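Colleague: I'm new to this one. Could you walk me through it?

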Amino acid sequence: MNRATEEFLTHAKPDCITLSNAGNYQFPTNPALTNQENLESEVRSYPRRFPIAIKRAQGALVEDTNGQSYLDCLSGAGALPLGHNHPEVVKEIIDHIRADLPFQTLDVTTPVKDAFIREVMAFLPESFAANACIQFCGPSGSDAVEAALKLAKQVTGRSNIISFHGAYHGMTNGSLALMGNLNAKMRRSGLMPDVHFFPYPYNLRCKFGLGGEAGERASIRYIESVLHDQESGIVRPAAIILEPIQGEGGVIAASAYWLRELRRITSELGILLIFDEIQCGIGRSGSNFAFEYAGIDPDILIMSKAIGGGLPLSCLVFKKEFDTWNPGEHAGTFRGNQLAMVAGAKTLQIIGRDKLTGNANLMGERLSAQLRALQDIHPCIAEVRGKGLMLGVEIVCPGQSDALGHPLANPELASQIQRAALKNGLIIEKGGRHGAVLRFLPPLNITAEQIDFAGQAFGRALAACTKVGDE
């Protein structure tokens with residue numbers, strides 16, 4: 001180990017940032033934030049919810065320029081499975097740089113790339129990896145989604161794509177066309193045509209007015225009947241694309257039954273099944289990939305975010321029989337991001353070695369139990385849901401319903417709770433219908449002590465905003 005690495009590992013310990021239970025954090029005017037407001041485009045989003053400037057970060061903790069520390073349960077929107085600056089990952093990156101190895105190589109191979117591919121294949125279910133190949137895309141998940149769409153269309157010779165209500169697949173032309181959220185699409189025109197949307201199973205807001213298992217069975221029957229109906233108006237699609245656990249859509253997990261039935265339908269009709277595990281994959285759900293709990297394999301798997309260990313990288317893994325590309329038919333300059341491959345390979349090793357999927361299950365259940373206990377006190381919590389360390393809390397107006405009889409979403413209160421949580425040292429995200437779902441995406445190696453801090457800080461935030469209880 002070189003001296004620079006030794007010094008980093010000596011000083012960057014997980015306990016170098018400590019949490020406070022003060023609950024009265026302040027957000028004074030900061031020159032960096034003022035400059036950002038003046039110089040950065042109005043398209044910026046997170047600074048509007050988190051008016052802080054981050055000074056340093058380690059593990060699940062970040063510290064702002066005012067010396068206030070926070071538990072980061074956003075984790076770069078799920079891109080940081082080991083939290084910030086994991087010492088072993090940092091060491092790999094430093095060693096790579098010190099050895100004068102390249103930063104990016106297009107798609108020319110290197111020992112680093114070969115090692116990364118082997119780690120990815122070992123991380124996949126054996127049933128899928130045994131007859132699969134990997135494709136490196138541009139550095140964003142959106143580009144991998146675009147590649148998956150192109151591949152499905154050229155394999156099947158068909159153009160229709162089925163997506164789902166609540167879906168989020170990215171912000172490029174094709175991926176945005178697949179999005180359920182209308183706000184992002186409202187001012188867009190000329191998006192990819194031939195996209196059709198089906199209901200995603202959502203217990204609290206079931207499109208069939210049933211919920212639970214009955215709602216899932218109705219959903220599957222609807223999908224199957226439409227695809228078999230010569231008068232449905234929908235030509236047989238090239239592919240069905242979905243997130244096994246919807247993230248931005250509000251942390252909604254499809255059941256094993258529903259996923260297995262969807263796999264059956266697509267197999268019988270020759271439709272490719274694409275799983276977008278950009279956010280819910282790489283241990284987040286409590287298994288290596290969220291689709292594994294259904295005991296099935298996709299035709300195409302999309303990965304980004306955590307696959308690069310926090311650095312930009314995206315790739316597809318798909319069945320070899322569908323590898324119909326011509327050389328260079330889908331390319332990207334930074335598909336050879338060597339630093340991301342180094343970080344990603346080490347991250348996958350650590351997840352396996354330290355049994356972090358098991359930790360995600362244990363800590364996820366620990367946090368879920370605390371959130372459910374808060375639900376018993378606070379009627380504004382309509383539902384606590386999710387898998388592993390991908391959890392959501394839906395905030396509603398108690399006793400009120402929308403025009404369809406569903407609980408009335410309360411996005412204003414959700415925003416207030418999010419800000420109150422920040423004042424208590426907890427960073428959480430929002431999403432879901434009307435932005436009324438508060439989302440937890442902590443690192444997979446989070447500790448029980450940190451989970452308890454999250455539950456307590458969230459409880460205090462709820463109490464401050466609802467005047468119920470005083471956690």
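Here are a few questions and answers about the model.

Modeller: Quick ground rules: this is a predicted model, where local features need pLDDT of at least 70 and side-chain atom pairs count only at pLDDT 80 or more, while totals for chains, interfaces and linings use all residues. Residues are numbered from 1 along each chain as its sequence is written, and side-chain values use heavy atoms, with hydrogens and water left out.

Colleague: What is the mean pLDDT of the chain?

Modeller: pLDDT is the predictor's confidence in each residue, from 0 to 100. In this chain, 95% of residues reach 70 or more. The mean comes out at 94.

Colleague: Over which residues does pLDDT stay under 50?

Modeller: Where pLDDT is low, the coordinates shouldn't be read in detail. The stretch in question has twelve contacts (heavy atoms within 4.5 Å) beyond four places in sequence. It covers residues 4–12.

Colleague: What is the radius of gyration of the chain?

Modeller: It's taken over C-alpha atoms, and the globule rule is 2.2 Å times the number of residues to the power 0.38. For 471 residues that rule gives 23 Å, and the chain is close to it, so it is as compact as a globular protein of that length. The chain's own value is 22 Å.

Colleague: Is Q338 buried or exposed?

Modeller: Buried means under 20% relative accessible area, exposed over 50%, and partly exposed in between (1.4 Å probe, protein chains only). Q338 touches residues including H96, F103 and K113, leaving aside those up to four places away in sequence. With a relative accessible area of 0%, Q338 is buried.
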